Amino acid sequence: MKIRNQGTVAMHSPNLPAWTSKNENLRLSVTRAEIDSRRDGALDGMQRNGIDVAVFTSPETIFYLTGIYLPRIDYHPLILSASGNHRLLCRNIAFGWRDVWAGQTWASEWISFRDEEEIDRVAADAIRDVNPQLKSRPTIGFELDRPSISYNSVVRIGELVGAGTITSCTAIAEDLRVIKSPAEIELMRRAGKISAKVSDIVVEAIRLGATDIEASIAAGKVLNELSGTQHTPPAVMTGALGGNGHMFGWTKMKPEPGDAVTWYLSGWVQNYTCPLERTIVRGPDKNKVLPLVEAVARAVERLVAELRPGMTFSQAYDVAMRAHQESNVAQYWRNHAGYGAGINWIEFDLCRLRPNDERVLRPGMTVHLVPCLTVPGLTMAQASRVIAITDDGVEELSDYPLRLEGFN
């Protein structure tokens, strides 16, 4: 079969298009040396697992390994080979991004494919391209347990390459991703400052009489100005809508006396997040929402005080459960105590503080603590906090108040 390499371009020049000069989101989020070390860590993991070629397809993992941020709506497989040759496949409509990224990072070899081409065949050709002497019946790794690649594509690529074994390479990258470097944590701190400013906009808008959708629009405008991007818009929920959990819609109503308003949002700095979720109440508090918010705040404070490296995720969950039981509100707790955050707002795959999860907290993990209380027909009470696990405890990545003054 002919090796398909047309469109492959090696770019090692640091020169970037002039139009990118004022946008830090179009620069590597960490140093080139750190990006190189991530690649090397993935290659070491491949060697330990006997994987000849790994095909990474999750946008967060591709960003982590390369530093390259590409449109999430497109499919851009990253192919790593034990041979030391690697390829990034790029949809033709997005191939212009090569000029922005290829000179900044080790992932300088790109292959363009058109929409009429069979992407699985392009990927199979690229696998042969990175290792022309590929051994008979190689072991190929895919992110099998992630939604970024289909079962049919895995089977088809394996057939075209003549793979002897298909295995998962998901954990190879995610075991690296879950531990954030000091540079990543600093980006999250910066994102937390943006979250705080945008949250203040929500509070002020609601106090001035805005509907939930008006408050969300006002917050989104400021988020765009400060972050230069908006992966997930702010979600503001009034009254009973919040009691349905994650309802990312709006009633288009102003809160009435006794109504709670809950919001979710996150600042973004070079693709790193630091989410924030809060609840305020329009007085008088006739529905007794404030005691629920106070209970959540106490549970978060207990987690911050007690979490330590070496605890299992299940033990961390138990800390919040005990706090809620002491406050007599455990019947309203319907979710986990926290989840991973960082490259993406939600990194469930990396970390979830929930029962029966025996994975262990390690220094460098970053977690969004969310022991919220959900009361159907009333509200969701929220007072979240993003933390980093340290060598001996916890660092809070934002100092935004857990308790906010309500309004009349």
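How many cavities of 30 Å³ or more does the structure hold? There are two, and they get a section each below, after a quick look at the chain as a whole.

## The overall picture

Keep in mind that this is a predicted model. The protein chain carries ten helices and 17 strands. Lay it along its principal axes and the C-alpha atoms fill a box of roughly 75 × 45 × 35 Å. The radius of gyration comes out at 23 Å, which agrees with the value near 22 Å that a compact globule of 408 residues would have.

Of those 408 residues, 57% are buried. Long-range contacts do a lot of the counting here: take the contacts with a separation of 6 or more, and 70% of them are between residues 24 or more positions apart.

## The largest cavity

Rolling a probe the size of a water molecule over the atoms shows where empty space is left. In the largest cavity, that space amounts to about 60 Å³. Its lining is made up of Pro59, Glu60, Phe63, Tyr69, Arg72, His231, Trp268, Asn271, Ile343 and Asn344.

Which helix gives the most to this lining? That would be α2, spanning residues 59-66, with three residues. Sorted by class, the lining has five nonpolar residues, three polar and two charged.

## Asn271, a lining residue with a positive phi

Asn271 deserves a second look, as one of the residues lining the largest cavity. It sits in the loop between β9 (260-269) and β10, and its phi is near 75°, a positive value in a residue other than glycine. Most residues other than glycine have a negative phi, and most peptide bonds are trans. Is Asn271 buried or exposed? It counts as buried, because its relative accessibility is 9% and the cut-off for buried is under 20%.

## The second largest cavity

The second largest cavity holds about 40 Å³ of space. Around it you'll find Ser195, Cys274, Pro275, Leu276, Arg278, Ser384, Arg385, Val386 and Ser398.

Two strands, β10 (272-281) and β16 (385-389), each supply at least two residues of this lining. The largest share belongs to β10, with four residues. By class, the lining splits into four nonpolar, three polar and two charged residues.

## Two more backbone oddities

Follow the chain on from β10 and you get to Pro284, in the loop between that strand and α9 (290-306). The peptide bond joining Gly283 and Pro284 is cis, with omega at about -5°.

The other spot is Arg137, whose phi is near 55°, again a positive value in a residue other than glycine. Arg137 is in the loop between α4 (119-130) and β6 (139-142). What sort of surroundings does Arg137 have, buried or exposed? Arg137 counts as exposed, because its relative accessibility is 56% and the cut-off for exposed is over 50%.

## Thr170 and its neighbours

Thr170 lies in helix α6, which covers residues 170-177. With a relative accessible area of 2%, Thr170 is buried. Its side chain makes a polar contact of 3.2 Å with the side chain of Ser168.

What does Thr170 touch beyond the residues up to four places away in sequence? The list is Phe142, Glu143, Leu144, Asp145 and Arg146.

Definitions and conventions:
Residues numbered from 1 in each chain as written. Predicted model: local features only at pLDDT ≥ 70, side-chain atom pairs only at ≥ 80, totals over all residues. Heavy atoms only, no water. Buried < 20%, exposed > 50% of the residue type's maximum accessible area, 1.4 Å probe, protein only. Polar contact = N/O pair within 3.5 Å; in protein donor to acceptor, adjacent residues only side chain to side chain. Contact = heavy atoms within 4.5 Å. 1 Å grid on protein atoms, 1.4 Å probe; cavity = no way out; pocket = protein on both sides within 12 Å on 5 of 7 lines; lining within 4 Å. Points joined across faces, edges and corners; volume = space filled by probe spheres on them. Nonpolar A, V, L, I, M, F, W, Y, C, P; charged D, E, K, R; others polar. Rg over C-alpha atoms; globule rule 2.2 N^0.38 Å.
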